[in-house]
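Let's explore this protein together, one helix pair and one enclosed space at a time. Have the model open as you read.

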Amino acid sequence: VYDKPMIYYPLSTLMLAGITDILIITTPHDQAAFQHLLGDGSQWGINLSYAIQPSPDGLAQAFLIGEDFIGHDPAALILGDNIFYGDGMGRQLQHASERTKGADVFGYYVTDPERYGVVEFDDQGRALHIEEKPTQPRSNYAVTGLYFYDNDVVELAKAVRPSPRGELEITDLNNAYLQRGDLNVQILGRGTAWLDTGTHDSLLDAANFIRVVEERQGLKIACPEEIAWRQGFIDAEALQRLAQPLQKSGYGRYLLKILNERVFA
C-alpha cells in the first residue's frame, strides 16, 4: 500500500499495542512469501510464527488454528487488509491489550454499514447486539477488523457453529462475549482513519491517503522499524543497522533521519 507491503500496516498496529508474539495465518500458497519478507521478526525485536488456514472458513477459525500458540494468554486478532491511523490510537490499543478479562472491539461510523458487522446500541450507548452484514442496519457503527480477547476466546470459538454461508463468524464470537456482559465496544472517533482495503477501489484510496499524509508531514505511517525503536523493542544501534542497507532509498534515509531529528511521535 503506497510505499510499503500491506502486511506492515496490521503488524505495526499490533506492535503499537505492545504485542511482540505474533502468529501470521496465511493460505498455503502465500506462506513462503511472507516468511521470506518478514523472517522471524527478530530484526524488529518481535517473534513471528506462521500457520496455515487451508480454506477460508471464517475469522473465528483463527483461534482454533492458533490454540497452541495462544496457550494460556490473552489474544488479539487483526485482519491483514485493515489499516488504522490516528492520534491516540496507541493509547487505545495498549489499554485494550492490558485487559485480562472480557473482550474489546472497535466501532467506527461508516456510510455503508451493511458491508460489516454492525453494533446496535441502547439510549445510554451500551452495545446490545452485533449483526453481521444486515440488510437494514440498526446503526452506522461497523465493527472494525481488530479484536482483543481474554483466554476464554479459544473455548468460545470452539462453540461457534458455521453460519448459513458456511463460516465460523467472528460476529458470533463477539456476541458470545456480549451475552455474558464481557464485551467492550470502543468507539474510534472522527480523528481516526480505518481503511478496509478489501477492494481495488479501497486499496487505491488507502494508498492515496497514506501518500498525502506522509508527503505533508515527512513522517511515515506504519514503519515497523521506527515503531520497534520507539517502543523499545530495539535500540538506536539496531535501527541504524536496519537503515544502512537501505540508504540509497527514501526508506533508509528516513530511518536515519528519525535517529537524528527530534520528532514528538
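## Two helices and a cavity

The crossing of helices α10 and α11 is left-handed. Keep in mind that this is a predicted model.

How are two packed helices described? The angle between their axes and the distance between the axes do the job. Here, α10 covers residues 236-243 and α11 covers residues 250-260. Their axes lie 8 Å apart, at an angle of about 155°. Angles over 145 degrees count as roughly antiparallel, so α10 is roughly antiparallel to α11.

Now look at where the pair touches. From α10 come Ala236, Leu239, Gln240 and Ala243, and they meet Gly252, Leu255, Leu256, Ile258 and Leu259 of α11. Sorted by class, this contact has seven nonpolar residues, two polar ones and no charged ones.

Next, let's turn to empty space. Rolling a probe the size of a water molecule over the atoms shows where such space is left. The count comes to one cavity of 30 Å³ or more. The largest cavity holds about 40 Å³ of space. Which residues line the largest cavity? They are Val118, Val119, Glu120, His129, Glu131, Pro134, Pro137 and Arg138. Two elements, β6 (117-121) and β7 (127-132), give two or more residues to this lining. The most comes from β6, with three residues. By class, the lining of the largest cavity has four nonpolar, one polar and three charged residues.

The table sets out the classes for both places.

| Place | Nonpolar | Polar | Charged |
|---|---|---|---|
| Contact of α10 with α11 | seven residues | two residues | no residues |
| Lining of the largest cavity | four residues | one residue | three residues |

Note on methods
Residues are numbered from 1 along each chain as its sequence is written. This is a predicted model: local features need pLDDT of at least 70, side-chain atom pairs count only at pLDDT 80 or more; totals for chains, interfaces and linings use all residues. Side-chain values use heavy atoms; hydrogens and water are left out. Axes are lines fitted to C-alpha atoms, for helices over the stretch in contact, and angles run from 0 to 180 degrees between N-to-C directions. Helices (H or I, at least four residues) and strands (E, at least two) are DSSP runs, numbered from the N terminus. Angles under 35 degrees count as roughly parallel, over 145 as roughly antiparallel, 65 to 115 as roughly perpendicular and the rest as oblique. A crossing is left-handed if the near helix is turned anticlockwise from the far one by less than a right angle, and right-handed if clockwise. Contact means heavy atoms within 4.5 Å. Ala, Val, Leu, Ile, Met, Phe, Trp, Tyr, Cys and Pro count as nonpolar, Asp, Glu, Lys and Arg as charged, and the others, Gly among them, as polar. On a 1 Å grid over the protein atoms alone, a cavity is a set of points where a 1.4 Å probe fits but cannot get out, and a pocket is an open set with protein on both sides within 12 Å along at least five of seven lines; lining residues have an atom within 4 Å of a point. Grid points are joined across faces, edges and corners, and a volume is the space filled by probe spheres set on the points.
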